[in-house]
Amino acid sequence: MFPNGEHAQVLLSHGVNRIGSGAEGAVVLSEPGIAPLHCEIHVTGTGANLQVPAGGGAVTVNGKPVADIMALRAGDQIGIGPVVARFAIVEAARAVSAPSASASAEEDTGATRVRMAVPKYVLRGVSGAVFGKVFPVTGPVVIGRAAEADISVQADEISRRHALVKPTPDGVSVEDLGSSNGTFINGKHVQQGFLKAGDELRLDAVRFILVAPGMEMAQQTTRLATPEAAPAATGGGGVSKWVPIMLTAAAVLVIVALVLSRG
């Protein structure tokens, strides 16, 4: 993911993912200082590694220069020349029905689950136990503490079946399932609600951002900041109008107090 919007979110595929200014790369960056093949991310059955090939550019992981190869973990910040990206692990939501024995065995391997097609909406964890994780929303998904929940969140403040989210043509509908600590959309407590790309879903203290892959991350986060900034912008004129009056009143009170003390 690219927090500053230089590129849309990219779902990496198994194998070699080339990053650079070359048109054949999985991620094409046109910013100055980007080499044609700047670096590569290798996705395997056990994780992902970042490698700087011969002739590659300057790369850092969490501020540390990468000379050759380095393993990546969820939440790592990658500096690709002047571009900053963040690495997240996609965790596919489990089916509501009980998984088969073969599916359970596959999950036990700890392999990174990567979908071949980018889903229309994903929930990106931004706090607590879900930080740095991304969950596709391709159908009705139950979020809760129970192991059988589609998105299982091991946090005490989450109810066993906390909330249900469903994709729609225009966003994601949200329904609280009788949770103890509540469901919130952009800070507002809801029983039923609706998420658009960039909106925050909060289950007590566990927070997600709804992401529509392909949108610039900078555009998605702008609307979250707008409600907090709006009161200051609209109310600023009213407050500034009263400042001279209050200062004048304070000056009058000081003068009266001086006169009375001398008398």
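Me: Which residues have the most contacts inside the largest nonpolar core?
Reply: The largest nonpolar core of this predicted model has 25 residues. Strands β13, β15 (163–168), β16 (171–176), β20 (200–203) and β21 (206–211) each supply at least two of them. The residues with the most contacts inside the core are L123, I143, V153, V165, L201, L195 and F208.

Me: Which strand gives the largest share of this core?
Reply: β21 spans residues 206–211 and is one of the strands that supply at least two residues. Its share is three residues, and the largest share comes from β21.

Me: How many residues does another core, apart from this one, have?
Reply: The other core lies apart from the one just described and includes I19, C39, V66 and V83. Its number of residues is 21.

Me: Is D150 buried or exposed?
Reply: D150 is found in the loop between β13 (141–144) and β14 (151–152). Its side chain reaches the backbone nitrogen of V142 at 2.8 Å. Buried means under 20% relative accessible area. D150 has a relative accessible area of 6%, so D150 is buried.

Me: Why does R86 count as partly exposed?
Reply: R86 lies in strand β9 (residues 83–86). Partly exposed covers the range between the limits of 20% and 50%. R86 counts as partly exposed because its relative accessibility is 28%.

Me: Which residue has a side chain joined to that of R86 by a polar contact of 3.3 Å?
Reply: Leaving aside neighbours within four places in sequence, R86 is in contact with M1, P3, G75, D76 and Q77. The polar contact of 3.3 Å joins the side chain of R86 to that of Q77.

Conventions:
Residues are numbered from 1 along each chain as its sequence is written. This is a predicted model: local features need pLDDT of at least 70, side-chain atom pairs count only at pLDDT 80 or more; totals for chains, interfaces and linings use all residues. Side-chain values use heavy atoms; hydrogens and water are left out. Helices (H or I, at least four residues) and strands (E, at least two) are DSSP runs, numbered from the N terminus. Buried means under 20% relative accessible area, exposed over 50%, partly exposed in between (1.4 Å probe, protein chains only). A polar contact is a pair of N or O atoms within 3.5 Å; within protein, one must be able to donate a hydrogen and the other to accept it, and residues adjacent in sequence count only if both atoms are side-chain atoms. Contact means heavy atoms within 4.5 Å. A nonpolar core is a set of buried Ala, Val, Leu, Ile, Met, Phe, Trp, Tyr and Cys residues joined through side-chain atoms within 4.5 Å.
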